[in-house]
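Q: I have a new structure to read and do not know where to begin. Can we take some features one by one?

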Amino acid sequence: MKRTAAVLLCLFLLLAITVPAFGDAGKTSPYPDSKFFSCGEYELHYRVKEPAGEKKGQILLLHGFLASTCCWEPLSAILAENGYECVLVDLPDFGFSSRETAGSERVPREDLIYALMTALSDEPWYVAGHSMGGYTALALAQKYPDSVKNVLLYSAAGNNGVFDLIRPLTTNDTVARLVGRLIERIGANRTLVRFIMSYATRDRAYLAGYDYDALMAPYRIEGTGAGIVYSLSTHTRTDYEAVRHMAPILDVTGTRDIVCPPTERLALLRSLPDGSERVVLKGAGHMLIESRAAETAAVTLDFLAKNP
């Protein structure tokens, strides 16, 4: 964990010197199926993938750190083809949702997502979380259990409270501004983004035709970097005792995932409720929802069939 943090810090400092800043892209609706949901001072960007044939259920999909709805494209397409309505959501400060500022009243992610869920449907949801999106998925289930049927986790871990320890930094305007510029410069540097995705997917063949523009576009929106720093103060700590009493959870990971923190990962695995399924995909990296979408979809559909 310390080694990873040191590497990232070095990359931040390097980019501060070598990479130029870029302009504001402004608010936009980047996809034909883009929709926006207003909740207080927030506006969430989301997309709906309609099911083919009879609807079997509805799945809310929450992306991981530095990602957006585009990362769910491969998996959601297969799930929709098999009868599941998929709602892909950009968390605040990511994708095309609102950017938080120094004056924003920062709201827990799960409260905003719950408002969207209940606005879209009265029925409970399957909630999928990739990587850091797993924090929000678990927080939703522990705070609003009647609205969540099952949690689907991909390359995820629990939140042991690390963000509580650094809250003074993540809510500091100077830190947000300086570190935020570095984050934006990472997102604007195609060479570095390619390197990060290679590190995350561990699959060069998959990345040969990858759409980097879709991944990088949100980083042209003003305030993205600072907003991402602020967002780290809004993650709810995982209540592992509550997790033990949840409905069965699907947990999918890869043998080549070197991103997920091992301590937080182990804490989650020890707390999985009875009936949960843990699937390990051989050779898969952290971004298995993209690079190994077909295999991930197969185990997901199997789990959903067992937990209607």
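A: Start with a single residue, Phe 65. Its relative accessibility is 34%, so Phe 65 counts as partly exposed. Keep in mind that this is a predicted model.

Q: Is Phe 94 buried or exposed?
A: Phe 94 is buried, because its relative accessible area is 6%.

Q: How do I describe a pair of aromatic rings?
A: Use two values: the distance of the centres and the angle of the planes. The whole structure holds seven aromatic pairs. In one of them, Phe 65 and Phe 94 have ring centres 6.0 Å apart and planes at 75°, so this pair is edge-to-face. Now look at where the two rings sit. Phe 65 is in the loop between strand E3 (57–62) and helix H2 (73–81). Phe 94 is in the loop between strand E4 (84–89) and helix H3 (109–120). The pair therefore ties together parts that are 29 residues apart in sequence.

Q: Which tyrosines form one aromatic cluster?
A: Tyr 206, Tyr 210 and Tyr 212 do.

Q: What sits over the ring of Tyr 31?
A: The charged end of Arg 47, at 3.5 Å from the ring centre. Tyr 230 has a partner too: Arg 106 lies over its face, 4.3 Å from the ring centre.

Q: How do I read one face of a helix?
A: An α-helix has 3.6 residues a turn, so residues three or four places apart point the same way. Take H2. Its buried residues are Leu 75, Ser 76, Leu 79 and Ala 80. Down the helix axis they fall within an arc of 130°, so they line one face of H2.

Q: What do the buried residues of H2 pack against?
A: Four strands and two helices are listed by name: strand E2 (42–49), E3, E4, strand E6 (148–154), helix H14 (288–291) and helix H15 (293–306). Just after H2 comes Gly 83, with a positive phi of about 100°.

Q: How do I read a nonpolar core?
A: In soluble globular proteins, nonpolar side chains tend to be buried together. Here the largest nonpolar core has 39 residues. Leu 60, Leu 62, Ile 113 and Leu 140 have the most contacts inside it. H3 gives the largest share of this core, five residues. A second, separate core has 38 residues, including Leu 61, Ala 200, Leu 215 and Val 252.

Q: Which residues is Ile 113 in contact with, leaving aside its neighbours within four places in sequence?
A: Ile 113 is in contact with Leu 44, Leu 60, Leu 62, Val 89, Leu 91, Thr 136 and Leu 140.

Q: How many disulfides does a search of the whole structure find?
A: Zero. Take Cys 86: the nearest cysteine sulfur, that of Cys 71, is 15 Å away. Cys 86 is buried, because its relative accessibility is 0%. For Cys 260, the closest cysteine sulfur is in Cys 71, at 15 Å, so it is too far for a bond. Cys 260 also counts as buried, at 15% relative accessibility.

Q: Where is Gly 134 found?
A: In helix H4 (residues 133–143). Gly 134 counts as buried because its relative accessibility is 0%. Not counting residues up to four places away in sequence, Gly 134 touches Gly 129, Leu 153 and Ala 156.

Q: How far apart are Gly 134 and Gly 53?
A: Give both distances. They are 81 residues apart in sequence and 29 Å apart in space, C-alpha to C-alpha.

Key:
Residues are numbered from 1 along each chain as its sequence is written. This is a predicted model: local features need pLDDT of at least 70, side-chain atom pairs count only at pLDDT 80 or more; totals for chains, interfaces and linings use all residues. Side-chain values use heavy atoms; hydrogens and water are left out. Buried means under 20% relative accessible area, exposed over 50%, partly exposed in between (1.4 Å probe, protein chains only). Contact means heavy atoms within 4.5 Å. A disulfide is a pair of cysteine sulfur atoms within 2.5 Å. Rings of Phe, Tyr and Trp (its six-membered ring) pair if their centres lie within 6.5 Å; planes under 30 degrees apart count as stacked, over 60 as edge-to-face and the rest as tilted. A charge sits over a ring if NZ of Lys or CZ of Arg is within 6 Å of the ring centre and within 35 degrees of the ring normal. The arc is that of the directions from the helix axis to the C-beta atoms. A nonpolar core is a set of buried Ala, Val, Leu, Ile, Met, Phe, Trp, Tyr and Cys residues joined through side-chain atoms within 4.5 Å.
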